[in-house]
Amino acid sequence: MSGKMSKVSFHRLVFLVFSSQILIHFGSCLRPSCKENEKKALIIFKENLIDPSNRLSSWITGGDCCKWSGVICSNKTGHVIKLNLRNSFPSNSAVGGAIDLSLLQLKYLTDLDLSMNNFEGTQIPHFFGSLTELRYLNLSGASFGGQIPQNLGNLSRLQYLDLGFYEPESVENDLQWVSGLHSLKYLNLEGVNLYTTSSYWLQTINTLPSLLELHLPQCQLMNLPKSIPFVNFTSLSILDLSNNGFNSTIPKWLFNLTNLKSLDLNSNSLQGELSDMFSELTSLENLDLSSNFEIEGPLPKGLGVLCNLQKLSLDYNRLNGSIAEFVDGLSQCTNPKLETLNLGYNNLNGNLPSSLGLLNSLRYLFLWGNSFTGSIPQTIGNLSLLEELYLSSNRMGGEIPQSFGQLKSMSVMELRDNAWEGIVTEAHLANLSSLREISIGRFSGNVSLKFDISSDWTPPFVLKYVKIQGCNLGPKFPSFLRNQTDLERIIINFAGISDVIPDWFLEMDLELHELDVAYNQLSGRVPNSLRFKSDSNVDLSSNNFEGPLPLWSSNLTTLYLRDNKFSGPIPKNIGTAMPFMTDMDISRNRLNGTIPFSIGNMEALTTFVVSSNYLNGEIPDFWASMPMLYIVDMSNNTLSGKIPASIGYLLGLKFLVLSTNNLSGKLPPSLRNCTELASLDLGDNKLSGKIPPWIGSKMSSLLILRLRNNSFTGTFPSQICNLSVLHILDVSKNNLSGEIPACVGNLTGFKTEFTSEHTALYQGRLQVVAKGRLLQYDSILYLVNSVDLSSNSFSGGIPAEITALFRLGTLNLSMNQLTGEIPPTIGRFERIETLDLSMNGLSGPIPPSMVSLTFLNHLNLSYNNLSGPIPRGNQFETLNVDPTIYEGNSFLCGFPLSAKCYRPEIAPFPGVNAGGSDDDKDELERVWLFISTGMGFFVGFWGVCGSLVIKKRWRDLYFNYVDRLINRIVDYLNCR
């Protein structure tokens, strides 16, 4: 029986399949073909287009246009109803050209999609406004430009309009035409310039009651109205107003859009605190307020009740306070849906709450760039779906919990720049099978975290990126990298590794993007067999590597080998072997020989540092081929000859450091073309001639001018006074003469305070004579303010104008032929630390105002013709311990010299304790006694007698009283 039934079922199945094929065949035969007039219109339309990849090859005259690529016809009428020419291929497949009026023949066209093509800024055709059957119009990314035709507002049936990614230009567009699109559900005008509509754009949008999605990013809108009488588009589910110019608070009318699922206001200038009214938006799934920079205050409670929230982006603002209440609120949702939480780069603080582990849908957690403290909560291990964790750049510390090892989905672990302590073991890493990137520690030699991992342990993960800094991995090269065959970037600094690069690392045959093992104690030779990908970086600085410089593949772009023990010559073919180099620093090694001419092949080079080696010979004349150079440092070698004129081709050069060599000759006139120079250090050479005036007139950005210890002659060019940001000037140990120009008081850089924010303006190290010795500065160079004109033949007086440089830290005018008195206004140097006026012909007294130089810690006035008493008080009490700072001045007297002054020494200012002898104190007490007695007499006498002189009635009463008193005394005596 069952066999018969199965046969019947089989026959029925065959019958049904056969019948369906017949119906399909006859249906296709019955389907009407396209209309001839519409086919001709499409052919004309095609002929005016530019189709570089022949995408419209199926559009041929003899065919059925309903079968053409991108053409869809009605199954009932055969009319073309949809035209989809969206470019989903590479950009070279985009169609362009002109759009012909023949499209008007497609009277039943409902959908037109020309998106992602290239019409090269041409205007949207006006006749599009006559395609009145259109429901769908997508021109996004098609490079249309110019004014949007106003008659698009005639498309009253249009439901979907996308003009996004409009050709960027300054043409301003109107928005009134939108009010005619009553059926519109989707509107995207991304990139359209709506600046002139800022005052009414919202009122216009409010006329679209059916709107479900509104995208107006990058439209140059400047006004987000605080209120609106009536919100007419309450069905809105997606609102994107990002990247505009709003600078107000978040308006309350937004909270009437209770159907919102996505609200994007990122990259504006919104300000103020977040409202608790966000709790009204219960459907919200995505909220992006990032990169407004002025949103402040704590996270509102209202955000913590949005149980449908899947993505929250509040990064790059000024939010503060704890996140505990917010996280606690979300954790109480029955099924928390939050997948992405981005609170990075705010001012949030406090500990991470344990309730964080209850957000079990969390996949991406960005908390970096805040001030969170405490340790990572143990409950972090409950986030089994967590893929990326960013906690870097906080103030967190303590031990990393072992529950970290339960995060089996985590691919990115970013924990750097915190103060982690304790030991990382295999248990912390045992189950991290998805891990691809790890970053932990901080760029510092202060090690507080140690890795204790067995040398034979095989990790479960396959890393691509590893960055471990300031953690104890040593002394051996970390063996857990042995099986990491997918590694592309290795950054291990301050790790206490005192090993050689092991053979197993070389046998892995990695092709790296980055190899950075700087600041360890690695030694041995570096093999040439290392392989690198394009645009790769190598940093082996501050180790003990030795042997010749390695030569790697031409893919290398940055090479930092400074502070090692590499020796021998720089390879002659280094420029042809690595021609794409952008940064090269091989300073502080033991390299010798000449600078290879092949370096001129590195046309993209921006940084060239070969200082502190044993290089000799002349500087090659290859600079014209490297126009992008902005740092050149060849100092501390034995280079000789002239500075080549081709250096003048480096128009973007900012740092030229050629000091401590044997260079000679005059400065090449072409150097005046380097107008962007911030630091010019040619000190300690044998350069000669006059200091060119164009240094002052052409190099207005100079911060540092150091020409010390050369053979420059002539006068000090007054044009140097034009360098308004200069704050280190050193022309000492030359043969300069003449007077110091009074215009030095115009050097406003010595009146400006530089901060750590200016560190990017400085590169390398600089030696400055300060505090009586030669000091070397690097990271705090921005704090140095120094003028050194010593060891020349300057004559005349010290210009009083120089004392206007009130932030000057060091002034050295010693060993010149200066005469006259020390300016009385020298006390204006409120920040001076070092003042050396020794070995001149200065005369007159030491100005009393010098006592007010409270920062002064090194003073030398020796070997002048100064006279009179040495001031007392403040810093002079410390400085006067050393009498040698005054020696060679025969007419100076007072402490600490043995010569006594013939008149009492009095502190220069009342109340300053001069620290003199007991006789001095007695003298001062007598002076105050006389003053107080005189004041008492004055007050007592005039307080009584003055009133009697002025008031006649008081005078009569007083003398009557005296007469009566005298009479009583006389009567009393008579009775006796």
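1. Start with the pairing of β24 and β26. In this predicted model, strand β24 (residues 419-424) runs parallel to strand β26 (residues 449-451), and three bridges hold the pairing. To find the spot on screen, look for Gly422, which sits opposite Leu449 of β26.

2. Now zoom out to the sheet around that pair. The sheet is open, has four strands in the order β22-β24-β26-β28, and is paired in parallel. The edges are β22 (397-399) and β28 (471-472); each has a single partner strand, so one side of each has no neighbour in the sheet.

3. Just along the chain there is a cis peptide bond, between Gly474 and Pro475, with omega about 5°. Pro475 belongs to the loop between β28 and β29 (489-493). Another cis bond runs from Phe895 to Pro896, with omega near 15°, and Pro896 is in the loop between β60 (891-893) and α9 (918-950). Both are worth a look, because most peptide bonds are trans.

4. Check the backbone at Glu120 too: its phi is near 50°, positive even though the residue is not a glycine. Most residues other than glycine have a negative phi. Glu120 lies in the loop between β5 (111-113) and β6 (136-138), and it counts as exposed because its relative accessible area is 65%.

5. Tyr316 also has a positive phi, about 60°, without being a glycine. You'll find Tyr316 in the loop between β15 (311-313) and β16 (318-321), partly exposed at 35% relative accessibility. Its ring takes part in a cluster, linked by ring pairs, with Phe293, Tyr345, Phe366, Trp368 and Tyr390.

6. More on aromatics: the structure has 28 aromatic pairs. One of them is Phe597 with Phe622, a tilted pair at 5.8 Å centre to centre and 55° between the planes. Phe597 is in the loop between β37 (590-593) and β38 (607-609), and Phe622 in the loop between β39 (614-618) and β40 (631-633), so the pair ties together parts 25 residues apart in sequence. Is each ring buried or exposed? Phe597 is exposed at 58% relative accessibility, whereas Phe622 is buried at 4%.

7. On to helix α2 (residues 36-47). With twelve residues at 1.5 Å a residue, the helix should span 16 Å, and its end C-alpha atoms are 17 Å apart, which agrees. Its buried residues are Glu38, Lys39, Ala41, Leu42, Ile43 and Phe45. What do they pack against? The answer is three strands: β1 (49-50), β2 (71-73) and β3 (80-84).

8. Five disulfides turn up in the whole structure, and their pattern is 1-2, 3-4, 5-6, 7-8, 9-10 when bonded cysteines are counted along the chain. Cys34 and Cys65 form one, with sulfur atoms 2.2 Å apart. That link connects the loop between α1 (2-30) and α2, home of Cys34, to the loop between β1 and β2, home of Cys65, 31 residues away. Cys34 is buried at 9%, and Cys65 is buried at 0%.

9. Cys66 bonds to Cys73, S to S 2.1 Å, in a left-handed link with -100° about the S-S bond. Both ends are buried: Cys66 at 16% and Cys73 at 12%.

10. Lastly, Cys307 and Cys333 are joined at 2.0 Å, S to S, again left-handed, with -80° about the S-S bond. Cys307 is in the loop between β14 (294-297) and β15, and Cys333 in the loop between α4 (324-331) and β17 (340-342), 26 residues apart. Here Cys307 is partly exposed at 31%, but Cys333 is buried at 7%.

Note on methods
Residues numbered from 1 in each chain as written. Predicted model: local features only at pLDDT ≥ 70, side-chain atom pairs only at ≥ 80, totals over all residues. Heavy atoms only, no water. Helix = DSSP H or I, 4+ residues; strand = E, 2+ residues; numbered from the N terminus. Expected span 1.5 Å × (residues − 1). Buried < 20%, exposed > 50% of the residue type's maximum accessible area, 1.4 Å probe, protein only. Contact = heavy atoms within 4.5 Å. Pairing = 2+ DSSP bridges. Phe/Tyr/Trp six-rings, centres within 6.5 Å; stacked < 30°, edge-to-face > 60°. Disulfide = S-S within 2.5 Å.
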